[in-house]
Amino acid sequence: MYVSVKGGEAAIDNAHRLLADRRRGDRSVPALTLDQITEQLALGVDRVMSEGSLYDRRLAALAIKQARGDLIEAIFLVRAYRTTLPRFGFAEPVDTGAMLVERRISACYKDLPGGQLLGPTFDYTHRLLDEELEVDARIEPGRMREGASEPVTRIVDILGGEGLIEEEPGTNGEEPGDINQTPLEFPLSRAMRLQSLARGDEGFLLALGYSTQRGYARSHPFAGEIRIGEVEIEVYLPELGFAVPVGRVQLTECQMVNQFKGSAKLPPQFTRGYGLVFGQSERKAMAMALCDRALRAEELGEDIVAPAQDQEFVISHCDNVQATGFVEHLKLPHYVDFQAELGLVRTMRAEFERANGVFQQAQAESAIEKKEAAE
Amino acid sequence: MSIETERAARRNRMSVLARCETSRLQGLWSKLGLDPTYKLLRGPEYGLVMLRGRTGGTGEPFNIGEATVTRASVKLDDGSVGHAMALGRDDMKARLCAIVDALCQDTRTAVLIDAEMIAPIKSELDGADERRRQETAATRVDFFTMVRGED
């Protein structure tokens, strides 16, 4: 039998009103604008877009504001919003080789065509807090360097030219699976794993990537290349009969180059892990590439010995919206469940005590008997 | 004009319009003084497109995540139909881009729009790209080696 209990409506209303009040905080402090968030908390916005799996800076900024800066809550809001919109179609696969590069580094080659372009990076900062940022100090614009720029060649093309790295299999014309529209069934294709990883929790993937470096499925990775920049998005419009550009998005791509694999047919060559995420987020792209490589264990004939290689473990737990939903659901009333458990534990205790009572009595009796025997 | 060049011109126009700020579009549009009557065939409406990458950058396609887009289709009184789709949520922009696309079916209007609207926006966008390229170029590492020893 189910008995529903009602109540709490007024408490909930007041709690939400209080939430709105606390979110706004001290009214003498100016309210944050969405432009301030997209411009000045840009990397937080990028994380919400990436794990919210929806590219829209303004929506992500709104979600961050509404969530009081709780990024997982913001990601949840964005995921919920995306379910309200119809899917118009698919974009053509982006060409990251044609990216307008804002940053490109390689840890494999010092001198490579296009050069090492540091871009706006935290690397090489001393991680000392900058007190100047406490006030709105005047900030100089970036320096410029004129002259024709070299095309920024992909590192995998350099290695691939010599056949030293595995080639990516081309398209077989099949549609890649979509985790939004198909239930997860393991083993997943690499395409579906990459989709899951692309929206996976940065912290979770970072920890798993780190675990592979510490020896749990070691893959000897090199950051072959990391590039950040804008790529053009094209969508095929059936009414026109051709694909049209609809704007640009910023992406971060990581090509991880890992230790060798060969076979009877193939000479030894480097293997690859790949990361591609929305916005500027190279920690996430690198972690994704490490996890992608680890998850290819079976395909590459490696023993599955570590969590990072276990598809079901990684993919089922990398989504922070699912994870937070299940962990936080524990807050919901479980009064009836708990009553049942209480009843059960009381019965068990009664049995325990009864048995213990009998046991203690028996012990006491045997002690008396022993004493008597000794006397 | 062959179908290919016409198609390329249309694509180019759409590419420029899709990347332009709405306020800038409106400014240039109002200066043109064109005010066609039109009927909305579809939208403007918001929706999603799934963005795709390729494994390893060049391999088989996979889904990265979705992006918001706005699309619109219009029909002018003379029967020409225009379409538009642009990233983001912006009714005004999609509507205006669809009208411009429809107007450009007429070669003479297309010449006017290309000169007065598309060309200036394109040069602004290219300027912004060039600026970004130069800012990035300034962060390029120039390696130098220090020679030690005498051999």
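Q: Which residue does Arg349(A) form a salt bridge with, and how far apart are the closest N and O atoms?
A: In this predicted model, Arg349(A) pairs with Glu353(A) in a salt bridge whose closest N and O atoms are 3.8 Å apart.

Q: How are Arg349(A) and Glu353(A) placed in helix α12 of chain A?
A: They sit four residues apart in helix α12 (residues 335–374) of chain A, so about one helical turn separates them.

Q: And is Arg349(A) buried or exposed?
A: Arg349(A) counts as exposed, with 53% relative accessibility, while Glu353(A) is partly exposed, its relative accessible area being 47%.

Q: Which residues do salt bridges that share partners join into one network?
A: That network is made up of Glu102(A), Glu230(A) and Arg248(A) from chain A, together with Arg19(B), Asp129(B) and Arg132(B) from chain B.

Q: What about Arg132(B) and Glu102(A), how far apart are the closest N and O atoms there?
A: The closest N and O atoms of that salt bridge are 3.7 Å apart. Arg132(B) belongs to helix α4 (residues 107–137) of chain B and Glu102(A) to strand β3 of chain A, so this pair joins two chains. Glu102(A) counts as buried at 11% relative accessibility, whereas Arg132(B) is partly exposed at 31%.

Q: OK, how many salt bridges are there between chain A and chain B?
A: Eleven salt bridges are counted between chain A and chain B, and the count over all chains comes to 47. Another one between the two chains is formed by the side chains of Glu150(A) and Arg140(B), at 3.1 Å from N to O.

Q: How many residues of each chain are in contact?
A: On chain A there are 78 residues in contact with 53 residues of chain B. The area buried between the two chains is about 6200 Å², with carbon and sulfur atoms giving 60% of this area.

Q: Which three residues supply more than any other three of the area that chain A buries against chain B?
A: Those are Phe88(A), Met144(A) and Arg145(A), which supply 13% of the area that chain A buries against chain B.

Q: And how many residue pairs are in polar contact between the chains?
A: The count is 31 residue pairs, taking those in which both residues have pLDDT 80 or more. Strand β5 (residues 242–261) of chain A gives the largest share of the side of chain A that touches chain B, namely eleven residues. That side of chain A divides into 36 nonpolar, 17 polar and 25 charged residues.

Q: Switching to strands, which strand of chain B is joined to strand β1 of chain A?
A: Strand β1 (residues 54–55) of chain A runs parallel to strand β2 (residues 61–76) of chain B, and two bridges join them. Leu54(A) has Glu66(B) as its bridge partner, and Tyr55(A) stands opposite Ala67(B).

Q: Why is β2(B) described as largely enclosed by the rest of the structure?
A: The description rests on burial, because 15 of the 16 residues of β2(B) are buried.

Q: How do β1 and β3 of chain B pair with β2(B)?
A: Strand β1 (residues 38–54) of chain B pairs with β2(B) in the antiparallel sense over 14 bridges, and Leu40(B) has Val74(B) as its bridge partner. Strand β3 (residues 81–87) of chain B also runs antiparallel to β2(B), joined by seven bridges, with Lys75(B) standing opposite Val81(B).

Q: Which residues take a positive phi in those hairpins?
A: Gly56(B) does so near 65° in the hairpin of β1(B) and β2(B), where six residues lie between the strands. Gly79(B) does so near 100° in the hairpin of β2(B) and β3(B), where four residues lie between the strands.

Notes. Residues are numbered from 1 along each chain as its sequence is written. Chains are lettered from A and ligands numbered from 1 in the order in which they are written. This is a predicted model: local features need pLDDT of at least 70, side-chain atom pairs count only at pLDDT 80 or more; totals for chains, interfaces and linings use all residues. Side-chain values use heavy atoms; hydrogens and water are left out. Contact means heavy atoms within 4.5 Å. Buried area is the accessible area (1.4 Å probe) that two parts lose on being put together, summed over both. A salt bridge is a side-chain nitrogen of Lys or Arg within 4 Å of a carboxyl oxygen of Asp or Glu. A polar contact is a pair of N or O atoms within 3.5 Å; within protein, one must be able to donate a hydrogen and the other to accept it, and residues adjacent in sequence count only if both atoms are side-chain atoms. Ala, Val, Leu, Ile, Met, Phe, Trp, Tyr, Cys and Pro count as nonpolar, Asp, Glu, Lys and Arg as charged, and the others, Gly among them, as polar. Two strands pair if DSSP finds at least two bridges between them. Buried means under 20% relative accessible area, exposed over 50%, partly exposed in between (1.4 Å probe, protein chains only).
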